[in-house]
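Me: I would like to go through this model with you and ask, for each label attached to it, what the label rests on. Please set the values against the cut-offs as you answer.

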Amino acid sequence: MEITEFVETLRLDGSLLADAAEEAGPDARIPACPEWRVRDLVTHTGRVHRWATEFVKQGTQQPGPPPEAPELSDDDLVSWLREGHHHLVLALHSAPQDLSAWTFLPAPSPLAFWARRQAHETSVHRVDAQQAAGASLTPLPSAFAADGIDELLTGFHARDRSRLRTDVPRTLRLRATDAPGADWTVHLTEAPPQTVRTAPEAGADGPDADGSADCTIEGPAEELYLALWNRLPWDAMTITGEESLAELWRERSGI
């Protein structure tokens, strides 16, 4: 995906997140994070947006924590969220292509990293806000959802801090059925997971016709993306093989 596509998704989903937060009210619970209420979601997202904006605007080369949120009343929180989101979108739109700044996942460039990461951060939390409001989820393009799966598997879960480990080596295959090439095999051991983009087998009748994966999970890209982020159950997925690996993901994949 192009940087401009990520920024446009960020723009749209940030606005939808704020709308849903306003509709839900500050005390509404976040289904995927039961210890959070909407005010916590808004505070977290507003801090992350301002944190990212500083890297993009200032070209900061060293990591640092997100800024603390100001003491605001519940009535002012969503406006504060909208303001930070607006400044992040503007910063990404105006940033130079050769931006130099700190990043924490592999990417073609720092600008590509921050546009991609903030788009996915905001989309997942937009889902949180809409679920808290009891609203229908705004659909995501399959290409964007597939990209988010790739970021999660080859980025977040390639790091040492991933808790997705098994005592006995296992393989988990994930396939988005409506996105060409969106097919990954995750090798699980006592070390951090290793993910490879899976090439389809010639003449195969299904995503794992040769039986090489211990568990295969497949379904539409958006549903798979949100299930892997633990925002939807596995209900919309087809699971074959060792279903315990799907449960392992549910229990240990939190970021």
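Me: What makes the contact between aspartate 13 and arginine 126 a salt bridge?

Reply: In this predicted model, the side chains of aspartate 13 and arginine 126 come to 3.1 Å, N to O. A salt bridge is called when a side-chain nitrogen of Lys or Arg lies within 4 Å of a carboxyl oxygen of Asp or Glu, so the pair qualifies. Aspartate 13 belongs to helix H1 (residues 3-24) and arginine 126 to helix H4, and the pair links distant parts of the chain, 113 residues apart. Both aspartate 13 and arginine 126 are buried.

Me: How do you know that aspartate 128 and arginine 231 form a salt bridge, and which parts of the chain does the pair link?

Reply: The closest N and O atoms of aspartate 128 and arginine 231 are 2.8 Å apart, and the cut-off is 4 Å, so this pair also counts as a salt bridge. Aspartate 128 sits in helix H4, whereas arginine 231 sits in the loop between H6 and strand S7 (238-241), with their positions 103 residues apart in the numbering. Aspartate 128 and arginine 231 are both buried.

Me: Why is the pair of glutamate 242 and arginine 170 said to tie parts of the chain together, and are these residues buried or partly exposed?

Reply: The side chains of glutamate 242 and arginine 170 meet in a salt bridge at 3.0 Å, N to O. Because glutamate 242 lies in the loop between S7 and H7 and arginine 170 lies in strand S3, the pair ties together parts that are 72 residues apart in sequence. Buried means under 20% relative accessible area and exposed means over 50%, so glutamate 242, at 30%, is partly exposed. Arginine 170, with a relative accessible area of 26%, is partly exposed by that rule too.

Me: How many salt bridges does the rule give, and which residues are linked in a network?

Reply: The count comes to 17 salt bridges. Arg116, Asp147, Asp150 and Arg197 are linked in a network of salt bridges.

Me: Why is arginine 116 called buried, and what is it in contact with?

Reply: Arginine 116, which is found in helix H4 (residues 110-133), has a relative accessible area of 16%, and since buried means under 20%, the label follows. Leaving aside its neighbours within four places in sequence, arginine 116 is in contact with Phe6, Pro106, Asp147, Asp150 and Glu151. Arg116 also lines the largest cavity, together with Leu105, Pro106, Ala107, Phe113 and Glu151. That cavity has a volume of about 30 Å³, and by class its lining has four nonpolar, no polar and two charged residues.

Me: What makes alanine 143 partly exposed?

Reply: Alanine 143, found in helix H5, has 47% relative accessibility, and because exposed means over 50% and buried means under 20%, alanine 143 counts as partly exposed.

Me: How do you know that helix H6 is largely enclosed by the rest of the structure, and what do its buried residues pack against?

Reply: Seven of the eight residues of helix H6 (residues 221-228) are buried, so the helix is largely enclosed by the rest of the structure. The buried residues are Ala221, Glu222, Leu224, Tyr225, Leu226, Ala227 and Leu228. They pack against H4, helix H5 (142-154), strand S3 (170-176), strand S6 (215-219) and helix H7 (244-252). H6 is followed by asparagine 230, whose phi is positive, near 60 degrees.

Me: Which element gives the largest share of the lining of the largest pocket?

Reply: The largest share, six residues, comes from H4. The lining has 31 residues in total, of which His44, Glu121, Phe156, Trp229 and Ile255 lie nearest the centre of the pocket. About 770 Å³ of space lies in this pocket, and by class the lining has 15 nonpolar, nine polar and seven charged residues.

Me: Where does pLDDT stay under 50, and why should that make me careful?

Reply: The mean pLDDT of the protein is 94, and 95% of its residues reach 70 or more, but pLDDT stays under 50 over residues 202-210. The model has 11 contacts beyond four places in sequence for that stretch. Where pLDDT is low, the predicted coordinates should not be read in detail.

Technical notes:
Residues are numbered from 1 along each chain as its sequence is written. This is a predicted model: local features need pLDDT of at least 70, side-chain atom pairs count only at pLDDT 80 or more; totals for chains, interfaces and linings use all residues. Side-chain values use heavy atoms; hydrogens and water are left out. On a 1 Å grid over the protein atoms alone, a cavity is a set of points where a 1.4 Å probe fits but cannot get out, and a pocket is an open set with protein on both sides within 12 Å along at least five of seven lines; lining residues have an atom within 4 Å of a point. Grid points are joined across faces, edges and corners, and a volume is the space filled by probe spheres set on the points. Ala, Val, Leu, Ile, Met, Phe, Trp, Tyr, Cys and Pro count as nonpolar, Asp, Glu, Lys and Arg as charged, and the others, Gly among them, as polar. Helices (H or I, at least four residues) and strands (E, at least two) are DSSP runs, numbered from the N terminus. Buried means under 20% relative accessible area, exposed over 50%, partly exposed in between (1.4 Å probe, protein chains only). Contact means heavy atoms within 4.5 Å. pLDDT is the predictor's confidence in each residue, from 0 to 100.
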